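Me: I'm new to reading protein models. Could you walk me through a few features, one at a time?

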Amino acid sequence: MKKADVTYAELVKRLKKHGLKDETEAGITMKVKRASFSAIFFLACVAALELEQVTLEEI
């Protein structure tokens, strides 16, 4: 998110476009801070951030 210069609020908007309509800014913040989220959520974030590739070392 930092590299893409995307805030949590912006990520919520982008995720809604990808079908995750129930996500909130607070909910996403907690998921990221706890580092506990599903692979589906991760892939939705990759799509929402419009990443072409993900390098595991960077995660």
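Me: Let's start with Glu 50: is it buried or exposed?

Reply: This is a predicted model, so everything here is read from a prediction. A residue counts as exposed when its relative accessible area is over 50%. Glu 50 has 66%, so it is exposed. You'll find Glu 50 in the segment after α3.

Me: What about the backbone there: what is the phi of Glu 50?

Reply: General idea to begin with: most residues other than glycine have a negative phi. Glu 50 goes the other way, with a positive phi of about 55°. Ala 35 also has a positive phi, near 55°, and isn't a glycine either. Look for Ala 35 in the loop between α2 and α3. Ala 35 counts as exposed because its relative accessibility is 59%.

Me: Next, salt bridges. How many are there by the rule used here?

Reply: The idea is a side-chain nitrogen of Lys or Arg within 4 Å of a carboxyl oxygen of Asp or Glu. By that rule, the count is two. In one of them, the side chains of Arg 14 and Glu 10 meet at 3.2 Å, N to O. Both residues sit in helix α1 (residues 8-17), four residues apart, which is about one turn of the helix. Another salt bridge pairs Glu 23 with Lys 31, at 2.8 Å, N to O.

Me: And why does Glu 23 count as buried?

Reply: Buried means under 20% relative accessible area. Glu 23 comes in at 15%, so it counts as buried. Arg 14 is partly exposed at 22%, and Glu 10 is partly exposed at 29%.

Me: Now pockets. Which residues lie nearest the centre of the largest pocket?

Reply: With a pocket, ask about its volume and then its lining. The largest pocket has a volume of about 630 Å³. Its lining has 20 residues, with Met 1, Phe 42, Leu 49, Leu 51 and Glu 58 nearest the centre. By class, 15 lining residues are nonpolar, two are polar and three are charged. Helices α2 (25-34) and α3 (39-48) each supply at least two of the lining residues, and α3 gives the most, with four.

Me: Leu 51 came up there. Which nonpolar surface patch does Leu 51 help to make?

Reply: Leu 51, Val 54, Leu 56 and Ile 59 make a nonpolar surface patch of about 410 Å². Leu 51 lies in the segment after α3. With a relative accessible area of 40%, Leu 51 is partly exposed.

Definitions and conventions. Residues are numbered from 1 along each chain as its sequence is written. This is a predicted model: local features need pLDDT of at least 70, side-chain atom pairs count only at pLDDT 80 or more; totals for chains, interfaces and linings use all residues. Side-chain values use heavy atoms; hydrogens and water are left out. On a 1 Å grid over the protein atoms alone, a cavity is a set of points where a 1.4 Å probe fits but cannot get out, and a pocket is an open set with protein on both sides within 12 Å along at least five of seven lines; lining residues have an atom within 4 Å of a point. Grid points are joined across faces, edges and corners, and a volume is the space filled by probe spheres set on the points. Ala, Val, Leu, Ile, Met, Phe, Trp, Tyr, Cys and Pro count as nonpolar, Asp, Glu, Lys and Arg as charged, and the others, Gly among them, as polar. Patches are made of residues with over 30% relative accessible area and no salt bridge: like charges are joined within 9 Å, nonpolar side chains (Val, Leu, Ile, Met, Phe, Trp, Tyr) within 5 Å. Accessible areas come from the Shrake-Rupley method with a 1.4 Å probe; for residues, only the protein chains shown count as cover. Buried means under 20% relative accessible area, exposed over 50%, partly exposed in between (1.4 Å probe, protein chains only).
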